[in-house]
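Biologist: I have the sequence and the model open. Let us go through the ligand shell, the strands and the confidence.

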Amino acid sequence: MELKPKLSRSHTYKCLLVGDKGTGKTSFLLRHATGKYETKYSPTCGVSVHTLLFETNYRAVAFQMWDTAGDAEVGGIRNAYFLYGQCALVLFDLSAAATFANVASWVERLQEFCGRHIPIVVCGCKADLKRMSEDIDFKQQENVDYCEFSTRAAWNLEAPFKLLCTKLFQLKDVRFLSQPVMGPAKDLLLDGASLQRMWEEMEAVRAKGLKAKEIESQKLGAFA
Ligand SMILES: Nc1nc2c(ncn2[C@@H]2O[C@H](COP(=O)(O)OP(=O)(O)OP(=O)(O)O)[C@@H](O)[C@H]2O)c(=O)[nH]1
Ligand SMILES: [Mg+2]
């Protein structure tokens, strides 16, 4: 379904899509833009920009997505693409520990170029694949949130944008009113138990992060 909300300039945000090569940035963006899922990997060169529109219970919003290349060799003028970024998604592959290891440096680079307060959502992608055995130790920061999704399974794809809207609007319970209907890739069979497991795994990471935050504030309280 095509959405044509009335948009003012103030409801349009430049959103940076970053992360290691092959983590699924372009697939995620194209799934939102076209509904389609492509199994063939075509690395992005430099940057490609595409606008996604959403209608929420509060207002319409447009995310101008800057899909950057994960590979530094074809990354182009990366730092320049970051200029005036207002929010960002940092993607990693839930099945590839090496991509998670670089998340912290992507977050740091974004904060360095766009300011410490830029809302960021760290996204574990490819939730349909076997999860890495390493623990996902997600460091909680005020403006850094976390979620997981699978572009292939069309599972939880709107979550990163909901989290960004919550931060950008400074409002809770943001809901999307109309969303395109997307189904899983034809060769993928996901039963109820698999979907339930995916939710539980994601919530476990989020809960751990929140716990870490509580411990941190308790410590601060003790010394205040
Ligand atoms: N199993 C699975 N594979 C996925 C998923 N999302 C993307 N892929 C595959 O991962 C590969 C890389 O995807 P891309 O979207 O091109 O990765 P990228 O992050 O844009 O890579 P660069 O442009 O090189 O930075 C492709 O073969 C996709 O089909 C997913 O949710 N599940
Ligand atoms: Mg790409």
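Biologist: Which helix gives the largest share of the shell around ligand 1?

Modeller: This is a predicted model. The shell around ligand 1 holds 23 residues. Its largest share is 3 residues, and they come from residues 25–34, which form helix H1.

Biologist: How many residues of that shell around ligand 1 are charged?

Modeller: The shell divides into three groups. The nonpolar group has 5 residues and the polar group 11. Among the residues that come nearest to ligand 1 are Gly24, Thr26 and Ser27. The charged residues number 7.

Biologist: Which residue of strand E3 is the bridge partner of Ser48?

Modeller: Strand E2 covers residues 47–56 and strand E3 residues 60–68. They run antiparallel, joined by 9 bridges. A hairpin of 3 residues links E2 to E3. The bridge partner of Ser48 in E3 is Asp67.

Biologist: Which residue of E7 is the bridge partner of Thr56?

Modeller: E2 also pairs with strand E7, residues 176–178. That pairing is antiparallel and has 2 bridges. In E7, Thr56 has as its bridge partner Phe176.

Biologist: Which element of the protein chain has the lowest mean pLDDT?

Modeller: The protein chain averages a pLDDT of 87, and 88% of the residues score at least 70. Strand E4 (residues 87–93) has the highest mean among the elements, 98. The lowest mean, 72, belongs to helix H6 (residues 192–223).

Biologist: How many contacts does the stretch 219–224 have beyond near neighbours in sequence?

Modeller: Over residues 219–224 the pLDDT is below 50. Where pLDDT is low, the predicted coordinates should not be read in detail. In the model, the number of such contacts for residues 219–224 is 0.

Key: Residues numbered from 1 in each chain as written. Chains lettered and ligands numbered in written order. Predicted model: local features only at pLDDT ≥ 70, side-chain atom pairs only at ≥ 80, totals over all residues. Near = placed C-beta within 6 Å. Helix = DSSP H or I, 4+ residues; strand = E, 2+ residues; numbered from the N terminus. Nonpolar A, V, L, I, M, F, W, Y, C, P; charged D, E, K, R; others polar. pLDDT = per-residue confidence, 0-100. Contact = placed C-beta atoms within 7 Å. Pairing = 2+ DSSP bridges.
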